[in-house]
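Biologist: I should like to go through this structure with you point by point. Please set out the reasoning behind each reply.

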Amino acid sequence: MSKVIVAPSVLSADFANLQRDIEMLNSSAAEWIHIDVMDGVFVPNISFGFPVLQAISKHSKKVNDVHLMIVQPEKYFKQFADAGAHHMTIHYEAVTHLDSAIHQIKATGATAGVALNPSTPVSVLKEVIHLLDLVLIMSVNPGFGGQKFIPYTTNKVKEAKALILATGSKAKIEVDGGVGLNNAKELIDAGADVLVAGNAVFSTANPAETILQIMNASTK
Ligand code: DX5
Ligand code: ZN
């Protein structure tokens, strides 16, 4: 089994020491850096936008995994790509023309993902799964870091895995929200390829060591 990719969420980083935290991630086992953009409309919180993404990109040596929790994301794909997004994930619930939006992301040269809120069934992706590089299963209601994992979402990871296997899609499965050492193994066993971890990484005394432990959770 190939090792899970850990994608630490900078939402839990120290924004006054962002360069320090990005450099810590650069020298860690994390392959991706998860970057949460929130607009205060799609989700009840505002995080940051292009200037902060540009600042992160300037220092990041990892894959910049940008999670767009915004309405009308199509308006901004080019700007996000220009600001350093290697990967863009949009929410199924936030776009009307999903097929078109996926193609528009790819046209920028970035890889494309679709995120599902906890209450949105995996089956809504049936027609577009072959177009996707990533399916993001939200395991909390999006908007804030440090929330409690919603247990029924593990089953959605299994459903996403079954859909991917049945269709021959190359999409990876990412799980986001309340993920840490306590549930990493169960999520990897269910089919997760990428684990986002904000609070679980940045609240520890040695974040780089915690990243390594999450990465190795499947072998324990
Ligand atoms: C929540 C964000 C998450 C968040 C995860 O809306 O999409 O990426 O940063 O944070 P933790 O791991 O603390 O739940
Ligand atoms: Zn996220």
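Biologist: Which residues of helix H8 (residues 207-215) are buried?

Modeller: The model is a predicted one. A residue counts as buried when its relative accessible area is under 20%. In helix H8 the buried residues are Pro207, Thr210, Ile211, Ile214 and Met215.

Biologist: Within what arc do the buried residues of H8 fall, seen down its axis?

Modeller: Cover for the buried residues of H8 comes from elements that include strand E1 (5-8), helix H1 (18-26), helix H6 (184-190), strand E8 (194-197) and helix H7 (199-202). The buried residues line one face of the helix, because the arc within which they fall, seen down the axis of H8, is 140°.

Biologist: Which residues coordinate the zinc ion (ligand 2), and what is the arrangement of the donor atoms?

Modeller: Coordination of the zinc ion (ligand 2), at 2.1 to 2.2 Å, is by His34 (NE2), Asp36 (OD), His67 (ND1) and Asp176 (OD). Around the zinc ion there are six donor atoms, which subtend angles of 71 to 173°. For six donors, octahedral requires opposite donors over 155 degrees apart and all others between 65 and 115. The arrangement is therefore octahedral.

Biologist: How many residues apart in sequence are the parts that His67 and Asp176 tie together?

Modeller: The donor residues of the zinc ion (ligand 2) have the sequence spacing H-x1-D-x30-H-x108-D. His67 belongs to strand E3 (residues 63-69) and Asp176 to strand E7 (residues 172-176), so the pair ties together parts whose separation in sequence is 109 residues.

Biologist: Is His34 buried or exposed?

Modeller: His34 is found in strand E2. Leaving aside residues up to four places away in sequence, the residues that His34 touches include Ala7, Pro8, Leu136, Glu174 and Val196. Because its relative accessible area is 0%, His34 is buried.

Biologist: With the side chains of which residues does the side chain of His34 make polar contacts?

Modeller: One polar contact of the His34 side chain, at 3.2 Å, is with the side chain of Asp176, a residue that is buried with a relative accessible area of 8%. Another, at 2.8 Å, is with the side chain of Asp65. The residues asked for are thus Asp176 and Asp65.

Biologist: How many aromatic pairs are there, and is the pair of Phe15 and Phe48 stacked or edge-to-face?

Modeller: With ring centres required to lie within 6.5 Å, the count is three aromatic pairs. Phe15 and Phe48 are 5.7 Å apart centre to centre, with 70° between the planes. Planes over 60 degrees apart count as edge-to-face, so the pair of Phe15 and Phe48 is edge-to-face.

Biologist: Where in the chain do Phe15 and Phe48 lie, and how many residues apart are they?

Modeller: Phe15 is partly exposed at 42% relative accessible area, whereas Phe48 is buried at 9%. Phe15 lies in the loop between E1 and H1, and Phe48 in the loop between strand E2 (32-38) and helix H2 (50-59). The pair links distant parts of the chain, 33 residues apart.

Biologist: Which residues do ring pairs link into a cluster?

Modeller: The rings of Phe50 and Phe80 form a tilted pair, because their centres are 4.6 Å apart and their planes are at 45°. Phe50 lies in helix H2 and Phe80 in helix H3 (residues 77-82), so the pair ties together parts 30 residues apart in sequence. The cluster linked by ring pairs consists of Phe50, Tyr76 and Phe80.

Terms used: Residues are numbered from 1 along each chain as its sequence is written. Chains are lettered from A and ligands numbered from 1 in the order in which they are written. This is a predicted model: local features need pLDDT of at least 70, side-chain atom pairs count only at pLDDT 80 or more; totals for chains, interfaces and linings use all residues. Side-chain values use heavy atoms; hydrogens and water are left out. Buried means under 20% relative accessible area, exposed over 50%, partly exposed in between (1.4 Å probe, protein chains only). Helices (H or I, at least four residues) and strands (E, at least two) are DSSP runs, numbered from the N terminus. The arc is that of the directions from the helix axis to the C-beta atoms. Contact means heavy atoms within 4.5 Å. Donors are N, O and S atoms within 2.8 Å of the metal (3.2 Å for Na, K and Ca); water is not among the atoms, so sites may look incomplete. Four donors count as tetrahedral if all angles lie between 85 and 135 degrees; four count as square planar and six as octahedral if opposite donors are over 155 degrees apart and all others between 65 and 115; anything else is irregular. Rings of Phe, Tyr and Trp (its six-membered ring) pair if their centres lie within 6.5 Å; planes under 30 degrees apart count as stacked, over 60 as edge-to-face and the rest as tilted. A polar contact is a pair of N or O atoms within 3.5 Å; within protein, one must be able to donate a hydrogen and the other to accept it, and residues adjacent in sequence count only if both atoms are side-chain atoms.
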